[in-house]
Amino acid sequence: MKNLIQQKLQANINDKTTKYIFIIAFIAFLCAGIIYMHFSWNSSIKETQEEVTRLAEAAEAGISKTQLLELNGDPSDLDKLNYQELKNGLILFSKLDKKLRFVYILAQRQDQIVFLADSEEPDSSDYSPPGQVYSEAYREYIEPLQSGKTVITKPIEDRWGTWISVLVPMKKPQTGEVMAVFGVDYPTETWYGYAVTQTVQAGFAVACIFMVFIALYFAFSQNRALSIEKQKLMNADVKLKESETLFRTVFDQATIGIAIGHDEQYIASIPDHIPSINPMYEKILGRTQEELTAVSWKDLTHPDDVALDVEYYNKFKTGEIDGYDMEKRYVRPDGTTIWTHMMVSPLRLNNNTRYTHICLIEDISKRKEMERVLYDNQRSRMVLLDNLPGMAYRCCHDREWTMEFVSQGCFALTGYHADSLINNKEICFNQLIPEKYQEFLWMKWEERLSEHAKLTEEYEMITASGEVKWVWEQGQGIYDEEGNIIALEGLIIDITERKKQEIKLNYMNHHDTLTGLYNRRYFEEVMDREKTLNVKKAVLLVDLTNFTLINQTFGYNFGEKLMKELASNLLLICSQNCRLFQISSDRFAFYIKAYHNKKELTSLCSTVMDTLNTMPALKTVGASVGIVETDDCSDDLDTILKNALIAAENVHENQIFRYSFFNKKMEEAVMREAEIKSELSMVVLNSEDDRLFVEYQPIVGAKTNQIVGFEALARFQSDKLGRVSPLEFIPMAEETQLIVPLGQRIMRAALLFLKQIEEKGFNDIAMSFNVSTIQLLREDFMSDLVQAIHETQVTSGNLGIEITESLFLNNYQEINQKLEKLKRLGIKIAIDDFGTGYSSLARERELNVNCLKIDKYFIDKLMYLKPEQAITGDIISMAHKLGHLVIAEGVEQEEQRQYLVENNCDLIQGYLFSKPLLPEAAMEILERKNPRENSKPI
Ligand code: C2E
Ligand code: MG
Ligand code: MG
């Protein structure tokens with residue numbers, strides 16, 4: 001189409017251009033013609049002038065000038081022969097050329113132009129006798145006389161007519177002086193006759209060429225019109241072919257089946273090669289054109305659809321209806337059916353009634369299948385909805401929640417039949433919701449709908465019987481294309497049982513099962529909620545760490561009863577700003593907020609102390625109270641409780657019920673402990689790590705001052721904290737069980753050093769090392785020691801272990817047996833720090849020990865007590881009575897030594913003689929103080 005328009009436009013443009021070219025060519029040609037005619041005219045005139053000039057000059061030349069000179073130019077000449085000859089010559093000359101009219105000779109006489117002779121017969125009326133004045137003579141006639149040149153005049157009108165004269169000057173032969181003028185007159189008609197003839201000829205030629213030009217133009221135009229016509233015909237042909245191709249393409253590729261039929265038959269083909277059944281028709285029905293034309297469409301129609309189709313067709317045939325459409329099934333050759341949408345319309349080509357109808361069919365089997373699935377789905381949905389454990393609904397978005405659909409589960413849930421809720425027939429859904437939830441639910445729905453989001457809520461519902469049920473609802477808005485809410489749809493399920501469980505679980509989650517107090521988890525939630533509360537907050541922790549002793553002593557029932565009683569007693573202390581929580585089985589915590597000063601907390605502590613004091617059973621185990629103000633640490637409950645515990649553990653130990661406020665120093669101590677423990681754990685396990693090493697303190701004879709042995713003392717050089725005393729790290733190692741590998745390392749180091757000493761020839765120097773309870777109680781202690789002795793090849797009789805009295809408190813029998821075994825190996829056993837523990841001298845007797853080391857405490861006393869006041873001497877003598885060797889520890893002063901010597905103390909150990917030394921120094925002092933020949937056994 002676009003092409004056609006373009007072509008048309010192009011043709012129009014071409015037409016116009018041709019026209020313009022022709023007009024321009026025509027004008028150019030016209031101009032050229034005029035120019036040519038003008039030129040022809042001019043050249044003819046010029047030619048005439050030249051010819052007559054030549055003629056006149058030739059005639060003038062033929063006239064005898066001598067004869068002429070003899071003429072007077074008056075009537076007297078008439079008689080002169082010269083005149084007669086001249087006149088005859090002029091007459092003859094004028095007759096020679098018919099174009100000539102008048103020939104004459106003029107001369108100037110007394111300022112007048114007079115005739116000398118003319119060509120007129122004497123009897124002619126126009127005859128001019130000699131001397132006749134030429135009165136009409138113009139200036140042009142005088143010009144040749146003056147200039148001596150031939151002159152051709154302009155057309156001159158006189159009484160004889162209009163003339164053009166050729167005037168040739170006649171000169172005297174001797175002087176050349178102009179004596180007369182020879183004139184020849186041509187009538188203007190004759191003069192211009194030649195030019196006119198020439199111009200007319202030229203004009204005719206131009207006209208002829210013009211005619212040819214016009215003829216050519218018309219021929220060209222005609223030819224062009226013909227070719228345009230031809231082009232149009234060709235275009236029409238192309239269009240026809242195109243539309244035919246289009247028709248065939250559409251027909252062949254149409255996604256709907258097209259067939260032309262007559263009555264009950266399909267038509268094979270129609271004239272002009274127009275197809276009658278398209279490929280899609282064949283495809284849908286699964287039959288070729290030949291197969292289709294061989295049967296009636298009734299035979300191909302599904303039996304269930306034949307009747308309706310025939311009914312419609314008959315109406316169509318009789319003209320009752322213009323056409324019809326229906327959904328019908330065809331049976332394909334393989335027996336399967338295919339659903340189609342069929343349209344039948346009348347078809348009349350060139351009034352040929354043979355082709356009665358055109359039938360269009362569309363394959364709708366997929367749609368039908370979807371409809372079937374949809375129907376099945378809907379049915380399944382209904383079955384599903386009615387069997388749902390709850391109530392599925394569709395309701396209006398109004399305050400009543402007017403129900404449009406309610407599933408059968410409604411009755412089980414609400415006690416009302418589904419029908420009674422539809423359109424608020426008997427009751428509206430909102431009436432089933434307790435008042436406290438009505439506004440809440442409405443607001444929630446509004447919020448969710450505005451976000452086009454789902455609503456999920458739990459709330460209570462009152463059933464027909466008045467029972468309150470917990471329900472869970474999930475629903476969503478249904479919107480139209482513009483986003484307006486059409487309805488709400490959802491499901492409501494009875495969750496009463498789950499809710500009960502949840503409440504129970506929640507209770508259990510937040511309460512201590514024994515006392516019913518809120519637990520630590522709930523405490524955490526409270527703290528978290530009140531994080532931003534800008535008031536003073538504190539936690540008071542009641543720590544009953546030894547409460548297990550009550551269980552062990554009086555039984556668990558008693559313990560539980562006591563704990564409940566304690567909880568209820570502590571609850572009495574609570575107020576609006578003071579709440580009680582149970583942190584663990586043996587720890588309570590008060591959470592105090594909005595208090596004014598520390599004094600309030602101290603007074604609360606006293607109240608707690610008083611309460612504890614009212615319970616005698618508690619006095620047997622005691623309790624510590626730690627208080628933390630949140631200003632002193634972070635709000636994190638874990639940290640608060642940890643700090644409260646630190647405070648509780650830092651109380652003074654001389655009261656049954658004690659309290660202590662947490663401070664930064666406590667925290668630092670805890671941090672230090674953590675650091676030591678962590679570093680120690682790394683150090684101990686790596687035997688190459690030299691942060692753990694051993695120093696040896698000499699033990700000397702009290703009287704002799706000779707080294708009899710060494711005590712191996714563990715040393716720990718921390719990276720961060722520097723040198724850490726064993727008094728600090730040993731208890732920590734015991735607490736963390738690190739004491740076992742640590743003890744093994746010390747023991748091995750001590751044995752190796754002893755081996756060195758022995759190798760130096762000191763065969764009777766003793767080596768003792770400290771053994772903690774944990775080490776000794778381990779089954780492998782003995783085997784480890786024996787193996788180390790075996791490996792180092794030291795004399796076991798030179799070995800000694802130092803144990804503390806506390807060891808015997810709980811495991812007396814077991815320990816004593818072990819000591820017995822050690823003794824049998826020759827290993828000496830010393831009771832370290834004697835006098836500070838629980839043990840008594842009376843019990844020492846039964847112990848398998850060899851030696852008592854009197855604690856520095858008793859040695860220090862010697863410095864400020866009078867000798868008779870000190871009991872140190874008594875301890876020494878009693879120990880001796882028990883058969884034990886006595887070593888005094890921490891002897892720093894000579895006075896102390898004196899006392900000890902006087903009181904028969906066997907050995908002394910202390911800075912007085914030497915501080916603990918590194919192995920090299922220890923060896924050096926040994927060699928210096930103990931020359932080998934003087935060395936003696938202990
Ligand atoms: P201990 O076994 O009673 O050791 C004697 C302590 O008294 C040593 O302290 C020693 O340096 C110190 N001492 C000795 N003479 C004097 C003195 O004249 N003046 C003063 N002020 N102190 C003196 P040290 O080395 O700090 O050890 C302390 C405690 O650590 C030891 O007391 C022992 O109970 C324990 N200990 C040391 N090493 C080990 C070990 O390897 N294993 C075990 N289980 N405990 C060890
Ligand atoms: Mg010791
Ligand atoms: Mg000691």
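Okay, to kick off: where in the fold does Glu675 sit, in which helix? Glu675 is found in helix 21, the stretch covering residues 664–685. Before I go on, keep in mind that we're looking at a predicted model.

So, is Glu675 buried or exposed? Its relative accessibility comes out at 19%, and buried means under 20%, so Glu675 counts as buried. As for who it touches, if we skip the neighbours within four places in sequence, Glu675 is in contact with Lys720 and Leu721.

Now let's move to the metal. The magnesium ion, ligand 2, has four residues as its protein donors: Glu711 through OE, Asn770 through OD1, Glu802 through OE and Asp832 through OD. Those donors lie 1.8 to 2.3 Å from the ion. If you like reading it off the sequence, the spacing of the donor residues is E-x58-N-x31-E-x29-D. Here, distant parts of the chain get linked: Glu711 belongs to strand 26, residues 707–718, while Asp832 belongs to strand 30, residues 828–834, and the two are 121 residues apart. Glu711 and Asp832 are both buried.

There's a second magnesium ion to mention, ligand 3. It sits 4.2 Å from ligand 2, and Asp832 coordinates both ions.

Last stop, Asn509. You'll find Asn509 in helix 14, which runs over residues 496–510. This one is partly exposed, with a relative accessible area of 35%. Again leaving out neighbours within four places in sequence, Asn509 is in contact with Asn519 and Arg521. Asn509 and Arg521 are twelve residues apart along the chain, and their C-alpha atoms are 7.4 Å from each other.

How values were computed:
Residues are numbered from 1 along each chain as its sequence is written. Chains are lettered from A and ligands numbered from 1 in the order in which they are written. This is a predicted model: local features need pLDDT of at least 70, side-chain atom pairs count only at pLDDT 80 or more; totals for chains, interfaces and linings use all residues. Side-chain values use heavy atoms; hydrogens and water are left out. Donors are N, O and S atoms within 2.8 Å of the metal (3.2 Å for Na, K and Ca); water is not among the atoms, so sites may look incomplete. Helices (H or I, at least four residues) and strands (E, at least two) are DSSP runs, numbered from the N terminus. Buried means under 20% relative accessible area, exposed over 50%, partly exposed in between (1.4 Å probe, protein chains only). Contact means heavy atoms within 4.5 Å.
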